[in-house]
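Subject: Handing over the structure

Dear colleague,

Here is the structure I said I would pass on, followed by an account of what was found in it. Please read the text with the coordinates open beside you.

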Amino acid sequence: QVQLVESGGGLVQAGGSLRLSCAASGRTFSDYSMGWFRQTPGKEREFVAAINWSGDSTYYVDSVKGRFTISRDNAKNTVYLQMNSLKPEDTAVYYCAAHPSIKSLAKGSWGQGTQVTVSS
């Protein structure tokens with residue numbers, strides 16, 4: 001399995017920006033599609049964004065379209081989530097996921113999560 005470590009979370013005011021990073025190790029990074037999910041207490045983990053192995057296909061949940069951008073650097077074995085115009089409802093623990101198939105990300109490897117808190 002691939003090992004994933006997220007970073008970049010924190011506290012930000014509404015309207016601000018954060019960039020999350022997820023560093024992968026243990027397998028060939030470019031063999032994997034990558035994604036970001038988020039979870040708040042008492043709720044199920046929610047899909048946020050995904051990117052295929054080459055980076056030329058990306059997908060987003062409607063609530064973040066136009067505000068979040070997922071990207072990857074295969075030379076650095078890292079996937080990013082640039083989050084702009086943050087809203088209090090974006091507050092959650094954000095998790096990175098990896099799977100060879102972009103359709104099966106939720107069944108793949110997970111990081112430990114990074115907390116994002118957006119204050120109003």
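Read along the sequence, the protein follows the pattern β-β-β-β-β-β-β-β-β-β-β, which amounts to 11 strands and 0 helices. Please keep in mind throughout that this is a predicted model.

Overall dimensions

The radius of gyration of the protein is 13 Å, which agrees with the value near 14 Å that a compact globule of 120 residues would have. The C-alpha trace spans about 40 × 30 × 25 Å along its principal axes, and the accessible surface comes to about 6200 Å², with 48% of that area belonging to carbon and sulfur atoms. Of the 120 residues, 43% are buried. If one takes the contacts between residues at least 6 apart in sequence, 56% of them join residues at least 24 apart.

The four-stranded sheet

One open sheet consists of 4 strands in the order β1-β3-β8-β7, and the pairing in this sheet is antiparallel. Its edge strands are β1 (3-7) and β7 (68-73), each of which pairs on one side only. On average, and with direction ignored, neighbouring strands of this sheet are turned by 15 degrees against each other.

Within that sheet, β1 and β3 are joined in the antiparallel sense over 5 bridges, and Glu 6 stands opposite Cys 22 in β3. The pairing of strand β3 (residues 18-25) with strand β8 (residues 78-83) is likewise described by 6 bridges in the antiparallel sense, and here Cys 22 stands opposite Val 79 in β8.

In a regular strand the side chains alternate between the two faces of the sheet. Along β1, Leu 4 and Glu 6 point to one face and are buried, while Gln 3, Val 5 and Ser 7 point to the other face and are not buried.

The disulfide

How many disulfides does the structure hold? There is 1 disulfide, formed by Cys 22 and Cys 96, whose sulfur atoms are 2.1 Å apart. This pair links distant parts of the chain, since Cys 22 lies in strand β3 and Cys 96 in strand β9, 74 residues apart. The link of Cys 22 and Cys 96 is left-handed, with -85 degrees about the S-S bond, and both Cys 22 and Cys 96 are buried.

Strand β11 and its partners

Strand β11 (residues 114-119) also has alternating side chains: Thr 114, Val 116 and Val 118 point to one face and are buried, whereas Gln 115, Thr 117 and Ser 119 point to the other and are not. Strand β2 (residues 10-13) runs parallel to β11 and is joined to it by 4 bridges, with Ser 119 in β11 as the bridge partner of Gln 13. Strand β9 (residues 92-99), by contrast, pairs with β11 in the antiparallel sense over 3 bridges, and in that pairing Tyr 94 stands opposite Thr 114 in β11.

A buried glycine

Gly 35 is found in strand β4 (residues 33-39), and its relative accessibility is 0%, so Gly 35 counts as buried. Leaving aside residues up to four places away in sequence, Gly 35 touches Ala 49, Ala 50, Ile 70, Tyr 95, Cys 96, Ala 97 and Leu 105; one of these, Cys 96, is also a member of the disulfide with Cys 22. The C-alpha atoms of Gly 35 and Ala 49 are separated by 5.5 Å, although the two residues are 14 residues apart along the chain.

Two loop residues with positive phi

Two backbone angles may also deserve a look. Asn 77, placed in the loop between β7 and β8, has a phi near 55 degrees, which is a positive value in a residue other than glycine. Its relative accessibility is 28%, so Asn 77 counts as partly exposed. Ser 85, placed in the loop between β8 and β9, has a phi near 50 degrees, again a positive value in a residue other than glycine. Ser 85 is partly exposed as well, with a relative accessible area of 41%.

With best regards

Notes. Residues are numbered from 1 along each chain as its sequence is written. This is a predicted model: local features need pLDDT of at least 70, side-chain atom pairs count only at pLDDT 80 or more; totals for chains, interfaces and linings use all residues. Side-chain values use heavy atoms; hydrogens and water are left out. Buried means under 20% relative accessible area, exposed over 50%, partly exposed in between (1.4 Å probe, protein chains only). Two strands pair if DSSP finds at least two bridges between them. Axes are lines fitted to C-alpha atoms, for helices over the stretch in contact, and angles run from 0 to 180 degrees between N-to-C directions. The radius of gyration is taken over C-alpha atoms; the globule rule is 2.2 Å times the number of residues to the power 0.38. Contact means heavy atoms within 4.5 Å. Accessible areas come from the Shrake-Rupley method with a 1.4 Å probe; for residues, only the protein chains shown count as cover. A disulfide is a pair of cysteine sulfur atoms within 2.5 Å.
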